[in-house]
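Grab a pencil and work through these short exercises with the model open beside you. Each one sets a task and then walks through a solution.

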Amino acid sequence: MKYNKQALEIPAQLVQLQQRGLVISNLADAEKFLNNVSYFRFAAYLRPLEANPLHQFKPGATFEQAVALYTFDVELRKLLFAAIQRIEISLRSRIIHQFSLAHGPFWFFDATLTVSKHKYAENLVAMERELQRSKEDFIAEHIAKYGTEDFPPAWKMLEIVSFGTLTKLFINSSDTQAKKKIARSFDVRQAEVLESWMKSVVALRNACAHHGRIWNRVMLKIPQLLNTPTGKWINNIQIEPKRPYAIICCMAYWLNSIDPANTFTKDIKRLIRKNPFVDIHAMGFPNNWRKEPLWI
């Protein structure tokens, strides 16, 4: 099918929404909003208000309800992104420290320490690209002093690689003992579980960084849930693993191992309490989630 739809002026977009049954109490405010948030981005928050696949709206559905849902998602994304930053920095530090002590400053360049030589080669290409792109002072100083023939040591190099590349390096490492030590430093018994969390958080981070919708998102990477936690966890693990609640629980547990005084769960609960109209079941939150040990 050839795409033949044409762009519409914002007032025409609003008229179209009204014709489909959406109540817009202030057209000037709505036009201002769509001037700053594109219609196609906003459409995802209109969908819950629709009555059928033809985009007709439910009786009483309002533009302001969709804006409120959009604003909730913005605030949720801010909370998650801030939490991911703390997790990433802590994880990066422990990977650099543990592997460098065990295998020296250039362990990431040693093919004998990897599971897949193909992935090893791919990771080297990614690191080379990130090194060339880096504007960090400590990288410029290293190159000025030592040249570009070799990579900088891990404690410099792995501070500039992406979270995705860091995760791939960890997963492709053949040193199961080092990986287990790092996992257990986060109160996770199996390295494979931590690896699944890393992949899930990387995917979530990318969605947050690109201002993607988080509320009711179907996650592409699924975290493994703990069977033998050493910290506060959830009793009900019969949850939807593809919904945000699962990875949010994993992040909360992870943050508790880093800083028991963190306010992540309190902040999430406060945000949900402030927005009672949001369907948190669409995020995967089960009934009685507030009574879970992790959330008390």
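Before we start, a word on helices: they are DSSP runs of H or I with at least four residues, numbered from the N terminus. Keep in mind, too, that this is a predicted model.

**Exercise 1. Getting your bearings**

Task: Work out how many helices and strands the protein has, and how much room its C-alpha atoms fill.

Solution:
- Start by counting: there are twelve helices and zero strands.
- Now read along the sequence, and the pattern comes out as α-α-α-α-α-α-α-α-α-α-α-α.
- Finally, draw a box along the principal axes; the C-alpha atoms fill roughly 65 × 45 × 35 Å.

**Exercise 2. The second largest pocket**

Task: Find which helices supply at least two residues each to the lining of the second largest pocket, and describe that lining.

Solution:
- Begin with the volume, which is about 240 Å³.
- Next, look for the centre: 16 residues line this pocket, and K232, N256, P260, T265 and L294 are the closest to that point.
- Then check the helices, and you'll land on α11 (244–258) and α12 (264–274), each with at least two lining residues.
- Last, sort the lining by class: six residues are nonpolar, six are polar and four are charged.

**Exercise 3. The largest pocket**

Task: Say which helix gives the most residues to the lining of the largest pocket.

Solution:
- The space in the largest pocket comes to about 530 Å³.
- Its lining has 17 residues, with Y3, K5, Q16, Y39 and F40 nearest the centre.
- Two elements give two or more residues to this lining, namely α1 (10–19) and α3 (39–46).
- Between them you have your answer: α3 gives the most, with four residues.
- Split by class, the lining holds nine nonpolar, four polar and four charged residues.

**Exercise 4. A closed space**

Task: Count the cavities of 30 Å³ or more, then describe the lining of the largest cavity.

Solution:
- First, the idea behind the search: rolling a probe the size of a water molecule over the atoms shows where empty space is left.
- The count comes to one cavity of 30 Å³ or more.
- About 110 Å³ of space lies in the largest cavity.
- Around it sit 14 lining residues, and W107, F108, L113, T114 and L169 lie nearest its centre.
- The elements giving two or more residues here are α4 (63–103), α5 (117–133) and α8 (163–172).
- Of the lining, α5 provides the largest share, four residues.
- By class you get eight nonpolar, five polar and one charged.

**Exercise 5. Following α4**

Task: Compare the reach of α4 with the expected value, then work out how α4 lies against α12.

Solution:
- With 41 residues, α4 reaches 58 Å from its first C-alpha to its last, close to the 60 Å expected at 1.5 Å a residue.
- Step just past the end of α4 and you meet G104, which takes a positive phi of about 90°.
- Turning to the partner helix, the axes of α4 and α12 come within 11 Å and cross at roughly 180°.
- Angles over 145 degrees count as roughly antiparallel, so α4 and α12 are roughly antiparallel to each other.
- On the α4 side, F72, E75, L76, L79, L80 and A83 meet F264, D267, I268 and L271 in α12.
- That contact has eight nonpolar, no polar and two charged residues.

**Exercise 6. α9 against α10**

Task: Decide how α9 and α10 are oriented to each other, and check the span of α10.

Solution:
- Here α9 (residues 176–185) and α10 (residues 191–209) pack at about 70°, with axes 8 Å apart.
- Angles from 65 to 115 degrees count as roughly perpendicular, so that is how α9 and α10 are oriented to each other.
- From α9 come K179, K180, I182 and A183, while α10 brings A191, L194 and E195 to the contact.
- By class, this contact has four nonpolar, no polar and three charged residues.
- As for the span, the 19 residues of α10 should cover 27 Å at 1.5 Å a residue, and the end C-alpha atoms are 26 Å apart, which agrees.
- After α10 comes H211, whose phi is positive, near 60°.

Methods. Residues numbered from 1 in each chain as written. Predicted model: local features only at pLDDT ≥ 70, side-chain atom pairs only at ≥ 80, totals over all residues. Heavy atoms only, no water. 1 Å grid on protein atoms, 1.4 Å probe; cavity = no way out; pocket = protein on both sides within 12 Å on 5 of 7 lines; lining within 4 Å. Points joined across faces, edges and corners; volume = space filled by probe spheres on them. Nonpolar A, V, L, I, M, F, W, Y, C, P; charged D, E, K, R; others polar. Axes fitted to C-alpha atoms, helices over the stretch in contact; angles between N-to-C directions. Parallel < 35°, antiparallel > 145°, perpendicular 65-115°, else oblique. Contact = heavy atoms within 4.5 Å. Expected span 1.5 Å × (residues − 1).
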